[in-house]
Amino acid sequence: MRSKEVKKGDFIYYTGKSGGAYIVSGDNIAKNIFVPNKTGMNIEGERFPILKHEKFNIVSFDIIGKETKNYSVNITLTRLISGGKTFIISQDNLYKYFSAAESQF
């Protein structure tokens, strides 16, 4: 699969199986987060399953620890169904579970 650069405002689609990942929100979590449905990845909170080919909007990119070579990037996405729930996802999970739509023109 070919990678495509994405930017703020772009629309992307979840490519995993329906229910293969969740948006988790809870009292002990500062922001809603993306959690793949994997063994050993149990985070307390209310789970909202993601559907295959569900559409999301990229809101922002936040670089954490940019003073060092081992920085990470948190991407904020907004779900376009169910009231527009906003959550954060790592750059690795973004490329693993989401895809940008190719132009039809």
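**Aromatic contacts in close-up**

**View 1. Phe 34 in its surroundings.** Phe 34 counts as buried because its relative accessibility is 7%, under the 20% limit for that class. The model shown here and in the other views is predicted.

**View 2. The aromatic pair of Tyr 14 and Phe 98.** With ring centres required to lie within 6.5 Å, the model holds 7 aromatic pairs. One of them joins Tyr 14 and Phe 98 in an edge-to-face arrangement, with 5.6 Å from centre to centre and 65 degrees between the planes. Tyr 14 belongs to strand S1 (residues 11–14) and Phe 98 to strand S8 (residues 98–100), so the pair links distant parts of the chain, 84 residues apart. Tyr 14 and Phe 98 are both buried.

**View 3. The stacked pair of Phe 34 and Phe 87.** The ring centres of Phe 34 and Phe 87 are 6.5 Å apart, and their planes differ by 25 degrees. Phe 34 is in strand S3 (residues 33–36) and Phe 87 in strand S7 (residues 86–90), so this pair ties together parts that lie 53 residues apart in sequence. Phe 87 has a relative accessible area of 1% and is therefore buried.

**View 4. A cluster of linked rings.** Ring pairs connect Tyr 14, Phe 34, Phe 56, Phe 87, Tyr 97 and Phe 98 into a cluster.

**View 5. Lysines over phenylalanine rings.** Lys 55 places its charged end over the ring of Phe 11, at 4.5 Å from the ring centre. Lys 85 lies over the face of Phe 48, 4.3 Å from the centre of that ring.

Methods
Residues are numbered from 1 along each chain as its sequence is written. This is a predicted model: local features need pLDDT of at least 70, side-chain atom pairs count only at pLDDT 80 or more; totals for chains, interfaces and linings use all residues. Side-chain values use heavy atoms; hydrogens and water are left out. Rings of Phe, Tyr and Trp (its six-membered ring) pair if their centres lie within 6.5 Å; planes under 30 degrees apart count as stacked, over 60 as edge-to-face and the rest as tilted. Helices (H or I, at least four residues) and strands (E, at least two) are DSSP runs, numbered from the N terminus. Buried means under 20% relative accessible area, exposed over 50%, partly exposed in between (1.4 Å probe, protein chains only). A charge sits over a ring if NZ of Lys or CZ of Arg is within 6 Å of the ring centre and within 35 degrees of the ring normal.
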